[in-house]
Amino acid sequence: MAGDNAYRDRWSWDRVTFGTHCLNCLATCPYRVYSTEDGVQFEEPAAVFDQVNPNVPDMNPMSCQKGSAWSLQLTGPDRLTKPLRRAGERGEGKWEEISWEEAIEEVAESVVEAIDMEGPESVVFEETVEGGLLTQMSYLRFASLIGGVTLDANGLINDFPSGHHITFGKFSCASSQDDTFNSELILIWHSNPVYTAIPYAHFITEARYNGSDVVTIAPDYSASAVVSDEYVPINIGTDAAFALAMCQVIIEEDLVHTSFVQSQTDMPLLVNAETRRFIRGTDIDEEAPEDQFYWWDEKTDSLTAAPRETLFLNDHVPALTGTFDLKTRDYDDIKATTVYQLLLDRLEDYTPEKASEICGVNPDTIRNLARQIASKRTKIVEGFNTAKYYHGDLMERAMCLVLALTSNWGRPGTGIQGLALAGLDGYQIFGMKQKRGIQETTRVIDGIDGAMEQLREMNPDMTDEMLGYDLLQRGLVAGTASPPAFFHYYHCGYDETWNNEEWSDPTMAKSFDEYLQDSVRRGWWGGLVKPGPGTDPTVFFSVATNPIRRQRGGASGLLETLWPNLEKIVVVENRMSATALQADIVLPAAMQYERPNLQYAITHSFSIGYSEQAVKPQGDAKTEWEIFELLSKAVEAKAIEMDCEEYQDGRKQTRSFVGLGARYTLNDLYEKEEDIIDEFLQDSAEAGTLPQGASLAYMKENGTMRFSGLGLFAPGLSLATDVKEDEPVTAYTWHVDKGVPFPTLTRRAQFLIDHPWFAEADEDMVRHKNPPKQGGDYPFLLTSGHSRWSVHASSMGNSILAETHRAEPLAVIYQGDADNLGINDGDLIQLSNDRGEVEIRAKVTGRIHPGQVIVYNGWEPHMFKDWIGPNQVEPGMVKWLHLVSRYGHLRYLPFGWQPVPADRAVYIDIKKVA
Amino acid sequence: MFVYTLDGLEIDGDQAQDIEIEDNEITARSGVYGVFSKIFTLPNDESYTVSVNGAWPAQLREVAALLAFDTDFGVAALSESVSQDEYAAGYQSIFEAENAPAAILSGEYGDGDRQTRVDEIKRIFEYFGLKASNDAARSPDHLATGLEFMQYLAFKEAASASPRLAGSFHRAQEEFLERHLIRWLPEFADRVEAVDALPIWVWASQAVSAFTQSDLDYLSS
């Protein structure tokens, strides 16, 4: 029958390849992609992961509905297939198709003119974690070669858990996702993995079947709460109070794991009882280093230098409490106490009864959960939600404190299950190579080893991780990366917003501007503030990212302030995004399945995500590697034509346009992107992060490969654990089992930050603070979160996925609030505050917290009236304390410590639109 | 003093090194691969003479003197009744002709597209500082080229001053044997025997198959 054939034809194919989706879910789900000469027909999860351990469930099948419907987007209505030039005003929606030659020449001319007139730091790139490594490498390589500026992605998207960094000196203590199965108690806290981590959420339910208890702590009864044993409703933004109350119970009921606290944390370190400053080496001994810290050894009843090279206590018995008389170089008699003692003082404010008044959780619930945590291997499953709260750092510091008191890191099933980078070292090595091949790789690796050895000789008690961060720091000023807060402040109109005292933390003693100028004047961000206030941004590149949708502060910040000053806005994208709609030139990029790529290397599956080219790109789309190769050559040619071959970069070094094209491709050494991927993989094997035999051919046959080591560089080493073939990866075992110090100022998990600004804010020791009134004094609190049906905006145009939800923007509001306001489900409502207003449909539910409004992340502004999205009401306030730098571990690291904008807990009003 | 020669491969100009090193167990392995590579190259005046004289096993034994593992290269000679033209024609019909019964190209073995395998092998050559010579008539997946590559890797292992680089070349040999040569050489030897080839080819194919397996065991240990 004809119908039978039609059905069979629908599921027929000529070729099967491996694919994954290099999106900002950062998953590495291996798919099989079935294609014919007519294009991709369909995809399905490949389930090719080996079982790591017979007693732990495997990763298969890693997938979600977005990935399984991805191929529809290759030919979706918003797909970009031709270079476009704006034919009307910016954002007017009028375009003309142009050739690649025209497009590239126009962009090249703008770049050369900008560099000639304003210098290369006037050419600004938004960094992204979307698009995979080949996408990132292409624009970063071009930006680096011309001396441009790349705005640190994490300062833009704010996936930076600053409280983890304050505590541990590094990004996160994320293990591989299967380690969750080893937990006895899982706290889903500030996350909703059933929505946002679909490929891994099964580990939580499997752990539950295995006897673990699962508790969800959230203002809303989320989809993850449904699969939990207990749900703890909590007032929005009060998690620090809740956590500190649990700490109070753990201490009060003598449940503290004392030796863990003594060895792993700064709790026994001595501080001046009056100034709350650590007793430092220079206070005691002229010869001692500044970062030598002390404790009181109860065994010898004497002041003792805390070991710098190990966390092991050896024969010491450091006092956790008490007051001690000390003689310092400057004073004969000062009173010293311990960090732990300061904590005890602090916790007096956080008895369960007192905290309950803040967080709304019953004191008995607090006590019961605290007792459970103290007796079980506990893991906090946390996303990047806390990171987006103004005082998210306090919440995270308090969470870390709960884990510290109960020895809950560095053992299987413990820690914080967020996300951390794994080491695909071949990627980093590639950028340092001048030639192709093993000999050059070895030269680079030997060079890194040599540099590390030199540093080690100068600092014999520093760990490889610390040395790695030092090495990274040394390269920063010569690099392109810049924390974007300064760019936003000087060039995007955020000075007015961030100086709004009413939206800021009321404990600030000075204006935001005074703090910012002070931090710059002190040189804390020296060489990183670029383009500085004296350089006009001129050309703006947005590659595989979407700032107009995402930027906190909405369209106002960029469109009204930055945009008018830009000569050229270039968007490299595969679909017509909100940012592409506002561009001058749009360059169509190849999509997943149309190009070879590697996903970012992260801890979730602890495996490589590889995507093979299955079909040719739609229309005239090209890969970013090809686009920036064309642009490199065109910029060189245009500069020669315009007779401006040389220029000075931001460091006053002379650069030449001549040879730019050849430098980009290393003299055409890499004919195809597959050659580059192969080089990444083989070099990673050389560096020890992938097993021997890692190659493109292997990936084509197998689709995935598990990492075998942490590699040479600090981000990988930050996991601080031995990678074993037959065990899930548990972060931080080196700290616990081997006594390897943390990369913090005190070399311990640090809970006292004795920086004067932190002291001034009364945040030197962790505490709770209410979310500041960002947006104004209004009755509702807008939160956000990732939706179930898209990865940011990437699947919003997918026709099949659109059938799984209402396919239009919606705000989830509480039934009782809706009743009071006369709002029915589906009504058009207005969300407004002093920052702006947005119209959106109401989805009325009883499952969220009274006073809470959720607008899930990802709707494009052009899906709203007047193209104004919900980010318009988000001021994107930056916490001033994050301007602190050059204090031990509080110093800029790419993707790490820096001021970042907040967008959760924004105060708004709601009304029904007539 | 040990030196190596390349025929089907060229060294990337930037990485060319002209080093002579003392004989040792690693150069012995390199030497064996070099001789095997010559055996499986399209016969010429010199190789015909060596074959007729039955000198291949002796050459192998000579270069293998310092090998760290035992191996028996046996005895083999080409009958004088076989002319050089017949010898070359037989080589081509058995190994290199279209649909040759015992194809000498690794891409002809196993599932999948041959060009994909050729591309993979070229990438490996390039990563290790070589490229398939444009002047050579041999494909990158030709057995003689693969053996020549093993000869080169072993030499580089012996000649590397950097322990890291030596380790890399060592692992590369292990990998290339495991992933490429050993994957198809046993079948190749079976096919040669099955097609009633000249005894010298049966001997050579079995000898190279046995040696590569022994060498992999040695490298893995």
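Two strands pair if DSSP finds at least two bridges between them. The views below show a predicted model.

**View 1. Chain A as a whole.** Chain A holds 33 helices and 31 strands. The C-alpha trace spans about 80 × 65 × 55 Å along its principal axes. For 914 residues, a compact globule would have a radius of gyration near 29 Å; chain A has 27 Å, which agrees. Of the 914 residues in chain A, 60% are buried. Contacts often reach far along the sequence: among those in chain A between residues at least 6 apart, 74% join residues at least 24 apart.

**View 2. Strand 21 of chain A and its two partners.** Strand 21 covers residues 585-588 of chain A. Strand 4 (residues 84-86) of chain A runs antiparallel to strand 21, and 2 bridges join them. Strand 20 (residues 568-573) of chain A pairs with strand 21 in the parallel sense, over 4 bridges. Look for A:I585 in strand 21. A:R85 stands opposite A:I585. A:V570 also stands opposite A:I585.

**View 3. The two faces of strand 21 of chain A.** In a regular strand the side chains alternate between the two faces of the sheet. Here both faces of strand 21 are covered. A:I585 and A:L587 lie on one side, and both are buried. A:V586 and A:P588 lie on the other side, and they are buried too.

**View 4. An open, parallel sheet in chain A.** This sheet has 5 strands, in the order 10-9-8-16-17, and the pairing is parallel. Its edge strands are strand 10 (230-233) and strand 17 (415-417) of chain A; each pairs on one side only. Neighbouring strands of the sheet are turned by 20 degrees against each other on average, direction ignored.

**View 5. Strands 16 and 17 of chain A.** This view takes up one edge of the sheet, strand 17 of chain A. Strand 16 (residues 378-381) of chain A runs parallel to strand 17, and 3 bridges join the two. One residue pair to find is A:V381 and A:Q417: A:Q417, in strand 17, is the bridge partner of A:V381.

**View 6. The buried side of helix 3 of chain B.** Helix 3 of chain B runs over residues 56-63. Its buried residues are B:W56, B:L60 and B:V63. They cover an arc of only 70 degrees around the axis, so they sit on the same side of helix 3 of chain B. What covers these buried residues includes helix 1 (25-39) and helix 2 (45-52) of chain B.

Conventions. Residues are numbered from 1 along each chain as its sequence is written. Chains are lettered from A and ligands numbered from 1 in the order in which they are written. A residue is buried if 20 or more other C-beta atoms lie within 10 Å of its own, exposed if 12 or fewer, and partly exposed in between; C-beta atoms are placed from the backbone. The arc is that of the directions from the helix axis to the C-beta atoms. Two residues are in contact if their C-beta atoms, placed from the backbone, lie within 7 Å. The radius of gyration is taken over C-alpha atoms; the globule rule is 2.2 Å times the number of residues to the power 0.38. Axes are lines fitted to C-alpha atoms, for helices over the stretch in contact, and angles run from 0 to 180 degrees between N-to-C directions.
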